[in-house]
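User: I am new to this structure. Please show me how to read its features one by one.

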Amino acid sequence: MCGIVGYVGPNKAVPFIMEGLAKLEYRGYDSAGVAVLENGSIEIRKTEGRLKKLADILEHETLGATTGIGHTRWATHGRPSNRNAHPHSDCTGNFALVHNGIIENFTSIKEGLLERGHKFTSETDTEVVVHLIEEFYKGDLVRAVQDTVAEVRGSYALVVVSCLHPDMIVCARKDSPLVIGLGEGENYVASDIPAVLRHTRRTYVLEDGEMAVLRSGGVDVMTTTGRPVSKNVFNVTWDPVQAERGGYPHFMLTEIHEQPRAIRDTLRGRISEDRTRVVLDEVHLTRDELAGLRGLAITACGTAYHAGMVTKYLIERLARIPVEIDVASEFRYKDPLVGPDWPLVVISQSGETADTLASLREGKRRGAHVIGITNVVGSSVAREASDVVYTWAGPEIAVASTKAYVTQLVVGSLLAIWIAQAKGTISQDLAHELISELNELPEKAQRVLEMEDEVKAVAKFVAEWDDAFFIGRGLDFMLCLEGQLKLKEISYIHAEGYPAGELKHGTLALITEGVPVIALATQLDLLDKTISNITEVKARGGHVTGVTMENGRELEKHLDHILCLPRTHQYLAPVLAVIPLQLLSYYAAIERGADVDKPRNLAKSVTVE
Ligand code: M6R
C-alpha cells in the first residue's frame, strides 16, 4: 500500500502534492518523493523516511511547476531507501512514474529490458514500468501507457508524467485504488479521497481496467484498451476526518474492511500459473532439505502467536512433521529445540517486537534456518531472518491487529501446503482443492463483511456483560484465542478462549444464566462434538452465538444466534471466521465507548522485553 497524488492546473503543484501526501501517510510512510515538470524537464526529489524529511528538502527549493506527482511509500520490493523511493524515471529522463501495487512479472520484464540496454537505479518492481513506457513511446504517451499495462501482471495504480507532454498526467488502475478529483481549471488524482477533499468533493472513482488523462481543462476516462468511458461524478459527503479512514470512523474498521484486498495481495505470485502448486521462492530451503525436514519451531507474540498456532496445526496435518510453538517471551529462555536440522519460523507484523527478535537471534545462534513472516519491509525481522515471507497487508495503524493476522494465516496456509507438496504428504486432489479455495478467499471475505449488521446486534448484547467465552475445537479453538484477545484488548470485557471439550473440566461453573458464549463451529468433522458442548452450555443458561459455514446450518436449532459464513475448506475457515470476531470486538468496544484505535496500556509495536 502506498499513497499517490497528482496535480495539473495553473497553480504550484508541490504544495498541493505535499498536502495530499500528508493525508495519505496512513497508506505508507517509509519514504516519499515528488516529480514535477520544471522548465522543460522533470525534477525529482525523494528521500527515505517520513514525509517531513521530504518537506525539509523541498523547503529550500523554489519549484514553480504546475504539473506534478508525488508518492508516500510502504515498501514491497526493495527496502526503504533513497534509491527505492518513488517517483522512478526511465533512461532518457523523459518520463517519471509513481506506483501503488505489485508487478508480479517484473523479474522476466527486467531481464528483457536489461538485455536491451536499459539501466536500472532501484531494486523496485515499479521501475520496469517506466522503462517499458520509454520503449513503447512513439509520440503518444497514452498509447505507451496502454501498451505497457498490457505487458504487466499484478496490481497497479500508475500515475505518469512526461516532460514531452508538460500539461498532462496519465494514470491507470488495476486492483489498487485511484480517484480523480475534478477542480475548477485544475484536476487531481490520488489513491484516496482525503488527499483532494480540501479542494473538491466532485470525484470519479476509477475502476479496474480504466485509465484517465488529466489536463487542467478536463479529464478523459477510457479503458486501458482505449474505449472511452463515461463516468458518473461521485459527490463526497463524508466529513474530512471520516474520509481519512476510507469513510470509516476508525482505522480498525477500515483495516477490517481492507482484508479482501490484503488477502488477494498476499496470495499474489505465490500460486503457480496452472494453479496446482504453491510457490514460495523467497524461502531458500531446497526440495531435499524440505523432504528431509524432521520438525519445525514457531515463535511469535500476541495475535501473531495465534496465527502461529493455526500454522502449526496446518503443517502438522498436511506435512506430518511435529511443530513446536512457544510465545517468544518463553521461547528465548527455554533452551529451544532448534538447530541446523530444525528451522525456526518467527511471525511479527511489525518485525520489531523485542521478544520475537531475541528469539530469532537465539535461533540463528543455534544454527537454525530462520524464516521471518512480517509485514514491514526493512524491519529488523526482515533484515535478520535467513528468509522473509512478507504479508502484504499494508500499514496497520490501529493498535489491534486485524488485517495483519488474516494475512499471516494466508502465509501460514501457503507454507503448510508448500512443505507438504515438497514432502509428498499431501494428495494432489487436496492440494488443488486448497489452492482453488485460497483463490476464492478474497471474494468470500467480502461476503463475510456484508454480515456486519448481524454481528453488530450480537455485539450490542455482549457489550452488556463483563465476561464472555469463546469455545471451539481444532482450528476453531485457535481462533477462539484470537477472538478473546481482540475482545479484551479493545472493549476491556474479560474473555476466555477454551477448547470446547475442556469446559466441563472446570470452567463450566462460570457459565450462568445469560453469559455470552461464542461457539465456533467451522470444523465440520467435529460438528457433532461441538454441538454436545454447546448443549452443555445451554443447559447452564449460557447465551450461545454460533459461527459456522453454510453447510453447518444444522447447528442453528441449538443456538440463540447463528452467523453463517460462506463455505470454504475447513483448513482455511479461520481466515473467514475471524472477521465476525473482529467486528464483534469492534462494535462491543464502540457500545462501551472505548477508544478503539488506541486501547489503554497497549502499544502497536512492543520494542521492550
Ligand atoms: O508486531 P508483532 O506482530 O510482533 O506484535 C505482536 C503483538 O504485540 C501484537 O500482535 C499484539 O498482540 C496486538 N495488540 C494484537 O492486536
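User: What is the strand order in the open sheet of eight strands?

Analyst: Keep in mind that this is a predicted model. The order is β3-β2-β4-β1-β10-β9-β11-β14. Pairing in this sheet is antiparallel.

User: Which strands are the edge strands there?

Analyst: Look for strands that pair on one side only. Here they are β3, residues 41-48, and β14, residues 234-235.

User: What packs on the sheet, touching β2 and β3?

Analyst: That is helix α2, residues 51-59. The direction of α2 makes about 135° with that of β3.

User: How many bridges join β2 to β4?

Analyst: Six bridges do. Strand β2 covers residues 31-38, and β4 covers residues 67-73. The two run antiparallel. For one bridge, find V36: its partner in β4 is G68.

User: Now the open sheet formed by six strands. In what order do they come?

Analyst: Read them as β5-β6-β7-β8-β12-β13. The pairing is antiparallel here. At the edges are β5 (88-89) and β13 (218-223), each paired on one side only.

User: Over how many bridges do β8 and β12 pair?

Analyst: Five, in the antiparallel sense. Strand β8 holds residues 165-174, and strand β12 holds residues 210-215. A172 gives you a marker: M211 in β12 stands opposite.

User: Which strands does helix α4 lie across?

Analyst: Helix α4, residues 127-136, lies across β5, β6 and β7 (154-162). Against β6, the helix runs at about 135°.

User: Let us step back. Into which domains is the protein chain divided?

Analyst: Domain 1 spans 3-243, domain 2 spans 253-445 and domain 3 spans 451-591. Between the centres of domain 1 and domain 3, taken over C-alpha atoms, there are 45 Å.

User: How do I read a pocket? What volume does the largest pocket have?

Analyst: The general idea comes first. Rolling a probe the size of a water molecule over the atoms reveals where empty space is left. In this model, the largest pocket holds about 1,200 Å³ of space.

User: Which residues lie nearest its centre?

Analyst: Find E104, R268, G269, R270 and E282. The lining of this pocket has 37 residues. By class, 13 are nonpolar, twelve polar and twelve charged.

User: Which elements each supply at least two residues of that lining?

Analyst: Two strands are on the list, β6 (95-103) and β19 (387-390). The helices are α3 (106-115), α8 (259-267), α13 (380-384) and α15 (428-449). Now add the domain view. Domain 1 and domain 2 each give at least three residues to the lining of the largest pocket.

User: What is the volume of the second largest pocket?

Analyst: About 1,000 Å³. The second largest pocket is lined by 48 residues. Nearest its centre lie R27, S176, P177, E258 and R261. The lining has 16 nonpolar, 18 polar and 14 charged residues.

User: Where does the lining of the second largest pocket come from?

Analyst: β6, α7 (251-257) and α8 each supply at least two residues. Domain 1 and domain 2 each provide at least three residues.

User: One last topic: the backbone. Is the peptide bond from H86 to P87 cis or trans?

Analyst: Start with the rule: most peptide bonds are trans, and most residues other than glycine have a negative phi. The bond from H86 to P87 is cis, with omega near 0°. Look for P87 in the loop between β4 and β5.

User: And is the phi of R320 positive or negative?

Analyst: Positive: the phi of R320 is near 55°. This residue is not a glycine. R320 sits in the loop between α10 (302-319) and β16 (323-327).

Methods: Residues numbered from 1 in each chain as written. Predicted model: local features only at pLDDT ≥ 70, side-chain atom pairs only at ≥ 80, totals over all residues. Heavy atoms only, no water. Pairing = 2+ DSSP bridges. Helix = DSSP H or I, 4+ residues; strand = E, 2+ residues; numbered from the N terminus. Contact = heavy atoms within 4.5 Å. Axes fitted to C-alpha atoms, helices over the stretch in contact; angles between N-to-C directions. 1 Å grid on protein atoms, 1.4 Å probe; cavity = no way out; pocket = protein on both sides within 12 Å on 5 of 7 lines; lining within 4 Å. Points joined across faces, edges and corners; volume = space filled by probe spheres on them. Nonpolar A, V, L, I, M, F, W, Y, C, P; charged D, E, K, R; others polar. Domains from an automatic or database assignment.
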